[in-house]
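Please open the model in your viewer and keep the selection panel within reach. The stops below are meant to be taken in order, with a selection to make at each one.

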Amino acid sequence: MRHLLIVLVAVVVVATMCLVDAFVNCNPHQHHHNVLLHQSTTSAQEEVVHPHSKLWKTTLESNNKGSVSGIDLVVRSPSDGGTGILAVDDIPKDTACMTLNLEQVGKIDATSILDSYNEDEKGKDEVFAILKEMWNKEFGANTENTNSDEGKRLAVLAGIIAHLQLTRYKDMKDITSEQQEEGSEGISYALEQSRRLELFLDAMPLLPQHNNDDNHPFPTHYLYWNDDEIQTLLQGTMGQTKAREVRAGIGLVIREWSAAFLSEHSSLTQTDILNAIFSAFTAVLSRSFGDAAGRDVDGKGRMLVPLVDMLNHDSENPNVKWQWLVGKGDDELIAEGNGEIVVTTLRDVKKGEELFKCYGWRPAWDIASSYGFVPRLKKARWECAVIPLFPSVLDLSPASLPTPNNMEDDKVDLLLETNYGPLVQAVIAAVNAANEIKARQQTIDDDNQSDDRPDQLNRLEVVSLFVQASEPSEYPFPLRRPCVVVGTKIHVSSSDTSNDHHHHTAIESILPAYRAAASAISQLRNNHQKSDASPIEASQMAMAAASLDKDVDWNTSALELINEGINDRIQSLVTHGKAVDTWLAKQNDASGLNDQVAKEHRQLRADMAKDVRYSELMVLQTLQKTATEMLSDSSLLVYH
């Protein structure tokens, strides 16, 4: 079980910055199958060759232990799909069309770069020093930390990328500093590494070196939205919670790094430094590999690998997969992050088709926070929404119960963490206990589990949804509402019934949590009626969650809570969605004709926010019908 009650009160205040050349491979409109894709041609003038073409050619030349066959690079403008990889021949299923030797292709990972940094030999580097200290504290060989934080692994890698790109920028601009003259070989370690990795750095969507009008995709990552856009465009969605989480987390890291970066790059403006750090985080969030490759095993960190990161995403119909392959038991290769990355076809791929990989299943709000886009729904895909676990205000004396004369306070505000926190913990404990009971009794119906249902949806996840206070003067800070994540397969056609069993499974999967919640509410009301201040009993909640309390129909109470929560979320998403249209119109009128670029960027962000909102709405509207049917017909329940 995971309990993710996000405590986020910090808001990153983004300084005035240059517009960002970001997400060449992650444009929200990029995925078009079986269209005519034009490859870029190499000019006789090397300076006009696209950085991706340079990297492709050079990496293949150095990859003599690997192989590439039947594919080639295609460079397009971001609006036409961005850079991708194209099949130039028919490729049969299960063909290894790309094998990259990680020792030869110039991967970037924190372990190898930080391990090679030695202050005595390479000269003092404030940035590498603080990054190495951060790395060793969490993941060093002498630490016993077995639950390392993926966010910190990402942050260290982003810090390395930002430092190297700023060094590269100064080198390109012929800006010298005292630090560049240090080191045993006359140049700094950062300059040495930036020159070694220059083609890879140049091919990433990094600032400030890519800040020009000729190569300027629209920035859609949450890091580049202003506070008003986060607040208004994403209001009422889980996307706003994720955006706040990402921005606050990175803001704290920047605060920790600021002195070191300002010291090492004193010849640059603070805007250049901030842009470099932001763009490095976008590169790492959208391009780094980790868990799926096994690279995070034993806290080894994440890595960036050239060429393979040019594969675009398709969660519905990917035609390739990739694997990190090392020899069996080859601990040295694993420790060094070496071996091979192998891209293999999942089906027959026709000449002219683009290769698409699934980056891994994640809800739309999560994909948007990492990649800056939401995949278009083409046919059907797994998607998520969140449903409140409790009403925002709990009425302890509803009309069905008499109100004691001596009890004045008969309502509990469940948007305050001091009130809902213990209840959420009790629900999670009850569901854990119920699962243990069912496991012992072997009553879990394996036939009810979908073969392709993402594993994440088979466990309880409680998250915090940011909501606006009804009285902003009383609560000037955002409130948080505990919600349960629920997922099902949505279909582009609302009349399609082929996924009805997925919808029933979705409701069944969250019923134990709502049975426990219903038990907690019932106990609170009964205690209130008796003027009893006793705490609620966890054992009763566990019995309800496991459907072992036969004296009360907890399924009906749970489904009523679910229906109430779904209706509340739908109304909120629709209402805030309408408010977005009004806000956009006002912003566009106020900006005038002289701010056309800003207007276009704002519209792109609004479109992405609409996709995030629509994805949640589709899930909720689909499950609304299913939950209503289950409430009226108990025979539809597996456990009753």
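Two strands are treated as paired here if DSSP finds at least two bridges between them. With that in mind, and remembering throughout that this is a predicted model, begin with residues 71–74, which form strand 3, and add residues 84–87, which form strand 4; the two strands run antiparallel and are joined by 4 bridges. Within this pair, valine 74 stands opposite glycine 84 of strand 4. Strand 4 is covered on both faces, with Gly84 and Leu86 buried on one side and Ile85 and Ala87 buried on the other.

Next select threonine 83, which is placed in the loop between strand 3 and strand 4. Is threonine 83 buried or exposed? Its relative accessible area is 0%, so threonine 83 counts as buried. Show side chains here as well, and you will find that the side chain of threonine 83 makes a polar contact, at 2.5 Å, with the side chain of histidine 52.

Now zoom out for the overall picture. The protein has 17 helices and 16 strands, and 53% of its 640 residues count as buried. Among contacts with a separation of 6 or more, 77% are between residues 24 or more positions apart.

Move on to strand 10, residues 340–345, of whose 6 residues 5 are buried. Which strands should be displayed with strand 10? One is strand 5 (residues 96–101), which runs antiparallel to strand 10 and is joined to it by 5 bridges; here asparagine 101 stands opposite glutamate 340. Another is strand 9 (residues 320–325), also antiparallel to strand 10 and joined to it by 6 bridges, and in this pairing lysine 321 stands opposite threonine 344.

Helix 9 is the next selection, residues 238–264. From its first C-alpha to its last, this helix of 27 residues reaches 38 Å, close to the 39 Å expected at 1.5 Å a residue. At its N-terminal end, helix 9 is capped by threonine 237, a side-chain oxygen of which lies 3.2 Å from the backbone nitrogen of glycine 239. Follow the helix along to tryptophan 257, where helix 9 bends by about 50 degrees.

While helix 9 is displayed, pick out lysine 242, which is found in this helix. Lysine 242 has a relative accessible area of 16% and is therefore buried, the cut-off for that label being under 20%. Leaving aside neighbours within four places in sequence, lysine 242 is in contact with Trp365, Asp366 and Ser369. To see a pairing across the sequence, label the C-alpha atoms of lysine 242 and leucine 465, which are 223 residues apart along the chain and yet separated by 9.2 Å.

The interior comes next. Nonpolar side chains tend to be buried together in soluble globular proteins. In this model the largest nonpolar core has 78 residues, and the members that touch the most others are Ile108, Phe128, Ile160, Trp257, Phe281 and Val308. Helix 5 (residues 150–172) gives the most to this core, with 11 residues. Centre the view on phenylalanine 281, which, not counting residues up to four places away in sequence, touches Ala155, Ala158, Leu223, Ile250, Val253 and Trp257. A second core, separate from this one, has 53 residues, among them Ala426, Ile437, Ala546 and Met630.

Continue to helix 14, residues 500–529. This helix has 30 residues and reaches 41 Å from its first C-alpha to its last, close to the 44 Å expected at 1.5 Å a residue. Helix 14 bends by about 40 degrees at leucine 511, and proline 512 follows within four residues. Because 21 of its 30 residues are buried, helix 14 is largely enclosed by the rest of the structure. Just after helix 14, look at serine 531, which takes a positive phi of about 55 degrees.

The last stop is asparagine 563, in helix 16 (residues 554–591). Which residues does asparagine 563 touch, not counting those up to four places away in sequence? They are Gln624, Ala627, Thr628 and Leu631. With a relative accessibility of 10%, asparagine 563 counts as buried.

Key:
Residues numbered from 1 in each chain as written. Predicted model: local features only at pLDDT ≥ 70, side-chain atom pairs only at ≥ 80, totals over all residues. Heavy atoms only, no water. Expected span 1.5 Å × (residues − 1). Bend = angle between axes of the 7 residues up to and from the residue. Polar contact = N/O pair within 3.5 Å; in protein donor to acceptor, adjacent residues only side chain to side chain. Buried < 20%, exposed > 50% of the residue type's maximum accessible area, 1.4 Å probe, protein only. Contact = heavy atoms within 4.5 Å. Core = buried A, V, L, I, M, F, W, Y, C linked by side-chain atoms within 4.5 Å.
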